[in-house]
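Okay, thanks everyone for squeezing in. I'll put the model up and walk you through a few spots in it.

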Amino acid sequence: METVDHSWQKDVFDVLKQGGIRQIAFVPDAGHSYALSAARSDPDITDVVLTTEEEGVGVVAGAWLGGQRAALLMQSSGVGNCVNMFSLLDSCRFPFLTLVTMRGEYAEFNPWQGPMGRRTQGVLELMGINVHRAERPDEVGEIVGAALESTFLAGERNAVLLSQSLIGRKKWERN
């Protein structure tokens with residue numbers, strides 16, 4: 001039986017909260033479940049449910065224009081949906097932070113997740129977004145914190161890729 005350390009999920013939320021994030025935009029994802037639940041319970045953070053990930057790029061940019069810090073939480077499959085909107089970030093020089101749970105990697109059962117999972121980092125880099133990767137639970141808080149500071153203190157665009165091995169094996173349910 002696989003044992004996976006999920007303490008990193010609390011670290012993600014704690015870093016976002018301490019870093020002044022006031023809005024979290026997301027398409028529901030099990031890998032971000034702790035942060036999403038904590039955000040919904042926190043009166044200082046507005047959680048914005050999206051119908052598609054590219055809307056989140058606009059939400060994050062709009063939050064910045066309104067004087068707030070925001071982050072986009074999504075799965076690697078959603079990165080492909082955002083490519084056109086990423087041009088807004090570069091053209092307008094908006095700071096941007098996204099946390100991406102990876103699919104198509106460790107013990108993936110769904111072949112549809114593979115192509116985007118293998119290309120996520122390259123797509124983000126082609127769009128001018130700095131990519132940081134967390135593989136181990138003990139490094140997640142530090143990496144997310146560094147990306148957050150780079151985003152809001154230096155005005156950079158950053159993505160943190162959260163390895164599928166952090167979440168553990170996904171299981172296909174058979175009836």
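So let's start at Ile167, which sits in helix 7. One thing to say up front: this is a predicted model. Is Ile167 buried or exposed? Its relative accessibility is 16%, and buried means under 20%, so Ile167 counts as buried. Now look for Trp8. Ile167 and Trp8 are 159 residues apart in sequence, yet their C-alphas are 9.5 Å apart in space.

That long reach goes along with a number for the whole protein. If you take contacts between residues at least 6 apart in sequence, 75% of them join residues at least 24 apart. The chain has 175 residues, and 47% of them are buried. For secondary structure, we have seven helices and six strands, and along the sequence they run α-β-α-β-α-β-α-β-α-β-α-β-α.

Trp8 comes up again when we look for empty space. With a cut-off of 30 Å³ or more, the count is one cavity, and the volume of the largest cavity is about 40 Å³. Which residues line the largest cavity? They are Trp8, Gln9, Val12, Gly31, His32, Ser33, Tyr34 and Ala35. Helix 1 and helix 2 are the elements that each give two or more residues to that lining.

On to the packing. As a rule, nonpolar side chains in soluble globular proteins tend to be buried together. Here the largest nonpolar core has 28 residues, and Leu16, Ile24, Leu73 and Leu99 have the most contacts inside it. Plenty of elements give two or more residues to this core, including helix 1 (7-18), strand 1 (21-26), strand 3 (69-75) and helix 7 (164-167). Helix 6 gives the largest share, six residues.

If you want one residue to click on there, try Ile24. Leaving out residues up to four places away in sequence, Ile24 touches Leu16, Leu36, Ala39, Ile45, Thr46, Asp47, Val48, Ala71 and Leu73. There's also a second, separate core of 23 residues, with Val57, Val60, Leu72 and Phe94 among them.

Next, helix 4, residues 76-92. Helix 4 has 17 residues and spans 24 Å from its first C-alpha to its last, close to the 24 Å expected at 1.5 Å a residue. Helix 4 also bends, by about 60° at Val83. Which residues of helix 4 are buried? Ser76, Gly78, Val79, Cys82, Phe86 and Leu89. For the spacing, remember that an α-helix has 3.6 residues a turn, so residues three or four places apart point the same way.

Two of those, Ser76 and Val79, show up again around Thr120. Thr120 is in helix 5, residues 114-126, and counts as buried because its relative accessibility is 0%. Beyond its neighbours within four places in sequence, Thr120 is in contact with Ser76, Val79, Val100, Met102 and Leu161.

Last stop is Arg93, just after helix 4, in the loop between helix 4 and strand 4. Why does Arg93 count as exposed? Because its relative accessibility is 52%, and exposed means over 50%. The backbone is worth a look too. Most residues other than glycine have a negative phi. Arg93 has a positive phi, near 60°.

That's my tour. Happy to rotate the model if anyone wants another view.

Notes: Residues numbered from 1 in each chain as written. Predicted model: local features only at pLDDT ≥ 70, side-chain atom pairs only at ≥ 80, totals over all residues. Heavy atoms only, no water. Core = buried A, V, L, I, M, F, W, Y, C linked by side-chain atoms within 4.5 Å. Buried < 20%, exposed > 50% of the residue type's maximum accessible area, 1.4 Å probe, protein only. Helix = DSSP H or I, 4+ residues; strand = E, 2+ residues; numbered from the N terminus. Contact = heavy atoms within 4.5 Å. Expected span 1.5 Å × (residues − 1). Bend = angle between axes of the 7 residues up to and from the residue. 1 Å grid on protein atoms, 1.4 Å probe; cavity = no way out; pocket = protein on both sides within 12 Å on 5 of 7 lines; lining within 4 Å. Points joined across faces, edges and corners; volume = space filled by probe spheres on them.
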